[in-house]
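Thank you all for coming; I would like to walk you through one model this morning, going slowly enough that anyone new to the group can follow along on the screen.

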Amino acid sequence: MRGAPRAQPPRTRVIPVLAICVALCAAARADDADLGREVYDDFCVTCHGRDMVNPGGVTFDLRKFPKEDFERFRNAVLDGKPPAMPPWRDKISDDDLKVLWAYVRSGG
Ligand code: HEC
């Protein structure tokens, strides 16, 4: 007997790994803190310092602002802290305030 036909080695199927990195996923989605930084750079940076690093000793160090006290933040920003800090009520929208808060909470 010439024997049973040799078993064909199983054809290993190379399962294509669909590791397609969808560019859209990786695209930086500007999150709130990033947007807040832009608002901050427009309105606050002159006094509170780049990246919230305080330029002097007079201005409040925002990196130390209590991160659970949105009420206090909102009042300070909208009404100002006379006489040192002007009120922002007319210049800052609710959305601006929200992203600013995200930025302050991010710590700079
Ligand atoms: C003209 C300078 C100036 C600008 C511009 C300014 N600030 Fe201030 N800010 C101050 C000073 C000075 C203080 C400290 C005032 C005090 O403690 O009496 C302060 C305090 C604060 C405080 C702390 C208030 C508290 O509860 O003690 C917050 C929060 C704050 N600023 C946020 C902001 C944000 C957000 C912006 C931008 C929208 C901004 N500031 C722009 C000068 C400024």
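Before I describe the order of the elements, let me say what I count as one: helices, of at least four residues, and strands, of at least two, are DSSP runs, and they are numbered from the N terminus. Please also keep in mind throughout that this is a predicted model.

With that definition in hand, the protein chain has five helices and zero strands, and reading from the N terminus on, the elements run α-α-α-α-α. The chain has 108 residues, of which 12% count as buried. If we take the contacts between residues at least 6 apart in sequence, 58% of them join residues at least 24 apart.

Let me turn to helix H5, which covers residues 94-106. How far apart should its ends be? At 1.5 Å a residue, the 13 residues of H5 should span 18 Å, because the expected span uses one less than the number of residues, and the end C-alpha atoms are indeed 18 Å apart, which agrees.

Which residues of H5 are buried? They are Val99, Leu100, Tyr103 and Val104, and because they cover an arc of only 145° around the axis, they lie on the same side of H5. The general background is that an α-helix has 3.6 residues a turn, so residues three or four places apart point the same way. The buried residues of H5 pack against helix H2, residues 32-43, and against H4, whereas on the other side of H5 we find Asp94 and Asp95 exposed. After H5 comes Gly107, whose phi is positive, near 85°.

Just before H5, in the loop that connects H4 to it, sits Ser93. Is Ser93 buried or exposed? With 10 other C-beta atoms within 10 Å, Ser93 is exposed, because the cut-off for exposed is 12 or fewer. Ser93 and Leu78 are 15 residues apart along the chain, and their C-alpha atoms are separated by 9.5 Å.

Finally, the ligand. There are 21 residues around the ligand, and those that come nearest are Cys44, Cys47, Phe60, Ala84 and Met85. By type, the shell divides into 16 nonpolar, three polar and two charged residues. Helix H3, residues 45-48, and helix H4, residues 70-79, each supply at least two residues of this shell, and H4 gives the most, with four. H4 therefore appears twice in this talk, as a contributor to the shell around the ligand and as a packing partner for the buried residues of H5.

Definitions and conventions
Residues numbered from 1 in each chain as written. Predicted model: local features only at pLDDT ≥ 70, side-chain atom pairs only at ≥ 80, totals over all residues. Near = placed C-beta within 6 Å. Nonpolar A, V, L, I, M, F, W, Y, C, P; charged D, E, K, R; others polar. Buried ≥ 20, exposed ≤ 12 C-beta atoms within 10 Å, placed from the backbone. Contact = placed C-beta atoms within 7 Å. Arc of directions from axis to C-beta.
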